Amino acid sequence: MGCGIFKDLKMEYSNEIIKNFLKKFSESLEMDEKDVSLDSNISDLNFDSLALISIIAIVDECFEKIIDIDQLNSCQKVKDIIELVKEI
């Protein structure tokens, strides 16, 4: 992944934190890391109820923020999760 990949998010989180989130995110879905990006549609991924709980825990671990299932369900793309966390 190039250094500019996260530029459009204008985030306070480092590229390293976001890359770590994407790695853990893909692992929780038992997917190859290269198959999950910030622009991935969540509806296209292998989400089930266990994955939802895992993603909530990963958000807490990576960003030290707590989100709930309703907030997570409102996200359409992976980058929407990060934008949500930024607003909390």
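**Figure 1. Four helices and zero strands make up the secondary structure of this protein chain.** The model you're looking at is a predicted one. Walk along the chain from the N terminus and the elements go α-α-α-α. The chain has 88 residues, and 35% of them count as buried. Its accessible surface adds up to about 5,300 Å², with 46% of that belonging to carbon and sulfur atoms. What about contacts that link distant parts of the sequence? Take the contacts between residues at least 6 apart in sequence: 51% of them join residues at least 24 apart.

**Figure 2. Here is the largest nonpolar core, a set of 26 residues.** Which residues have the most contacts inside this core? They are Phe21, Phe25, Val59, Phe63, Ile67, Val78 and Ile81. Helix 1 (15-28), helix 2 (49-63) and helix 4 (78-87) each chip in at least two core residues. Helix 2 gives the largest share, with eight residues.

**Figure 3. Zoom in on Phe21 and see what it touches.** Ignore the neighbours within four places in sequence, and phenylalanine 21 is still in contact with Ile58, Val59, Cys62, Phe63, Val78, Ile81 and Ile82. Some of these names should ring a bell: Val59, Phe63, Val78 and Ile81 are, like Phe21 itself, among the residues with the most contacts inside the core.

**Figure 4. Helix 1 packs against helix 2.** Two packed helices are described by the angle between their axes and the distance between the axes. For helix 1 and helix 2, the angle is about 160 degrees and the axes are 10 Å apart. Angles over 145 degrees count as roughly antiparallel, so that's the word for helix 1 and helix 2. Their crossing is right-handed. On the helix 1 side, look for Ile17, Asn20, Phe21, Lys24, Phe25 and Ser28. They meet Ser54, Ile55, Ile58, Val59, Glu61, Cys62 and Phe63 in helix 2.

**Figure 5. Glutamate 30 has a positive phi.** Most residues other than glycine have a negative phi. Glutamate 30 isn't glycine, yet its phi is near 55 degrees. You'll find glutamate 30 in the loop between helix 1 and helix 2. Is glutamate 30 buried or exposed? It is exposed, with a relative accessible area of 75%.

**Figure 6. Glutamate 64 also has a positive phi.** The value for glutamate 64 is near 55 degrees. Where does glutamate 64 sit? Look in the loop between helix 2 and helix 3 (69-73). With 69% relative accessibility, glutamate 64 counts as exposed.

How values were computed: Residues are numbered from 1 along each chain as its sequence is written. This is a predicted model: local features need pLDDT of at least 70, side-chain atom pairs count only at pLDDT 80 or more; totals for chains, interfaces and linings use all residues. Side-chain values use heavy atoms; hydrogens and water are left out. A nonpolar core is a set of buried Ala, Val, Leu, Ile, Met, Phe, Trp, Tyr and Cys residues joined through side-chain atoms within 4.5 Å. Buried means under 20% relative accessible area, exposed over 50%, partly exposed in between (1.4 Å probe, protein chains only). Contact means heavy atoms within 4.5 Å. Accessible areas come from the Shrake-Rupley method with a 1.4 Å probe; for residues, only the protein chains shown count as cover. Axes are lines fitted to C-alpha atoms, for helices over the stretch in contact, and angles run from 0 to 180 degrees between N-to-C directions. Angles under 35 degrees count as roughly parallel, over 145 as roughly antiparallel, 65 to 115 as roughly perpendicular and the rest as oblique. A crossing is left-handed if the near helix is turned anticlockwise from the far one by less than a right angle, and right-handed if clockwise.
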